[in-house]
Amino acid sequence: MKPLAHREKKLDSRAIYGCFIVHNSPTAAAAEQYRRIRNNIRIAAGKKERISLVITSPSPGEGKTTSAVNLAVSFAQRGDKVLLVDANVKNPALGQVFSIKQWPGLADGLASNMDFTETVYPTDVERLSIVPGGSHLPGAADLLDSQAMSEFLDRARNEYTVILFDCSAVLETPDAIALAGRCDGAVLVVSSGKTQQKKALEAKRLLDFGKVRILGSLLNRG
């Protein structure tokens, strides 16, 4: 399958720093919020030792990636072995956040017989690994709801206690709902002063319609 021209998000240094508040400023109020949500997710998940979650928002640009990275770091700090996956295959960002190459990544792994380990990259945060979005392949979004994704999840669950997917927005594409249906639930991120109430309610309605369990919501003040 021939890759299309890549359309990686361009993040400034302030945005990238915000992705690591939990790591760089552990006493900040925002870091405390992420730890509180992490604990609430663990309580909501009950006795399940291994959990998989989709991080999404009603619309693009409301803090999904910032929240996904900080939650991933916070779970790793708790002692979990964490895999953070960039499932926003049309507009990936995690490669830039962690200063690693964008491919091979999730799209490449799902579209070929590439071994799971070839798409996983270690990070400077102990116990945290990531899978970048990968090559911009035609039809890559459809692969998020495929047998290949089921096999990816089975492999990831065997090796990690927490799997987080940084997804596209609920009102942008059906990808987040399709993927969340394969996971234990979703975290819905809303942005203070940006997310419209009607869009937040519509996103929740769509997640409920898709029988997705919302395990937490997060107010991004960035």
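## A salt-bridge network around Asp-80

In this predicted model, Arg-42, Arg-78 and Asp-80 are joined to one another in a network of salt bridges. Within that network, Asp-80 pairs with Arg-78, and the closest N and O atoms of the two side chains lie 2.8 Å apart. The two partners differ in how far solvent can reach them, because Asp-80 has a relative accessible area of 6% and is buried, while Arg-78 has a relative accessibility of 43% and counts as partly exposed.

Arg-78 also belongs to helix 4, which covers residues 64-78, and that helix is followed by Gly-79, a residue with a positive phi near 115°.

## Helix 4

Helix 4 has 15 residues, for which a rise of 1.5 Å a residue predicts a span of 21 Å, and the C-alpha atoms at its ends are indeed 21 Å apart, so the expected and computed lengths agree. The helix is mostly covered, with twelve of its 15 residues buried. The buried residues include Lys-64 and Thr-65, as well as Ser-67, Ala-68, Val-69 and Asn-70, and among them are also Leu-71, Val-73 and Phe-75.

## Salt bridges within helices

Side chains of opposite charge can pair when their charged atoms come close. The structure holds nine salt bridges, and two of the pairs described here have both partners in one helix. In helix 3 (residues 29-44), Glu-32 forms a salt bridge with Arg-35, with 3.1 Å between the closest N and O atoms. These two residues are three positions apart in the helix, and therefore about one helical turn separates them. Glu-32 is partly exposed at 37% relative accessibility, whereas Arg-35, with a relative accessible area of 18%, is buried, since the cut-off for a buried residue is under 20%.

The second pair lies in helix 9 (residues 197-209), where Asp-208 and Lys-204 are four residues apart and are likewise separated by about one helical turn. Their salt bridge brings the closest N and O atoms to 2.8 Å. Here Asp-208 is partly exposed, with a relative accessible area of 39%, and Lys-204 is also partly exposed, at 40% relative accessibility.

## Helix 7 and its buried face

Helix 7 has 13 residues and reaches 19 Å from its first C-alpha to its last, which is close to the 18 Å expected at 1.5 Å a residue. Its buried residues are Met-149, Ser-150, Phe-152, Leu-153 and Ala-156. Viewed down the helix axis, the buried residues fall within an arc of 160°, so they line one face of helix 7. On the other side of the helix, Gln-147 and Asn-158 are exposed.

## The second largest pocket

Rolling a probe the size of a water molecule over the atoms shows where empty space is left. In this model, the second largest pocket holds about 200 Å³ of space. Its lining is made up of 14 residues, and those nearest the centre of the pocket are Gly-109, Met-114, Phe-116, Ala-148 and Phe-152. The elements that give two or more residues to this lining are helix 6 (106-111) and helix 7 (147-159), and helix 7 gives the most, with four residues.

By residue type, the lining of the second largest pocket divides into six nonpolar, five polar and three charged residues. Phe-152 links this pocket to the preceding section, as it is one of the residues nearest the pocket centre and is also among the buried residues of helix 7.

Technical notes: Residues are numbered from 1 along each chain as its sequence is written. This is a predicted model: local features need pLDDT of at least 70, side-chain atom pairs count only at pLDDT 80 or more; totals for chains, interfaces and linings use all residues. Side-chain values use heavy atoms; hydrogens and water are left out. On a 1 Å grid over the protein atoms alone, a cavity is a set of points where a 1.4 Å probe fits but cannot get out, and a pocket is an open set with protein on both sides within 12 Å along at least five of seven lines; lining residues have an atom within 4 Å of a point. Grid points are joined across faces, edges and corners, and a volume is the space filled by probe spheres set on the points. Ala, Val, Leu, Ile, Met, Phe, Trp, Tyr, Cys and Pro count as nonpolar, Asp, Glu, Lys and Arg as charged, and the others, Gly among them, as polar. A salt bridge is a side-chain nitrogen of Lys or Arg within 4 Å of a carboxyl oxygen of Asp or Glu. Buried means under 20% relative accessible area, exposed over 50%, partly exposed in between (1.4 Å probe, protein chains only). The expected span of a helix is 1.5 Å times one less than its number of residues. The arc is that of the directions from the helix axis to the C-beta atoms.
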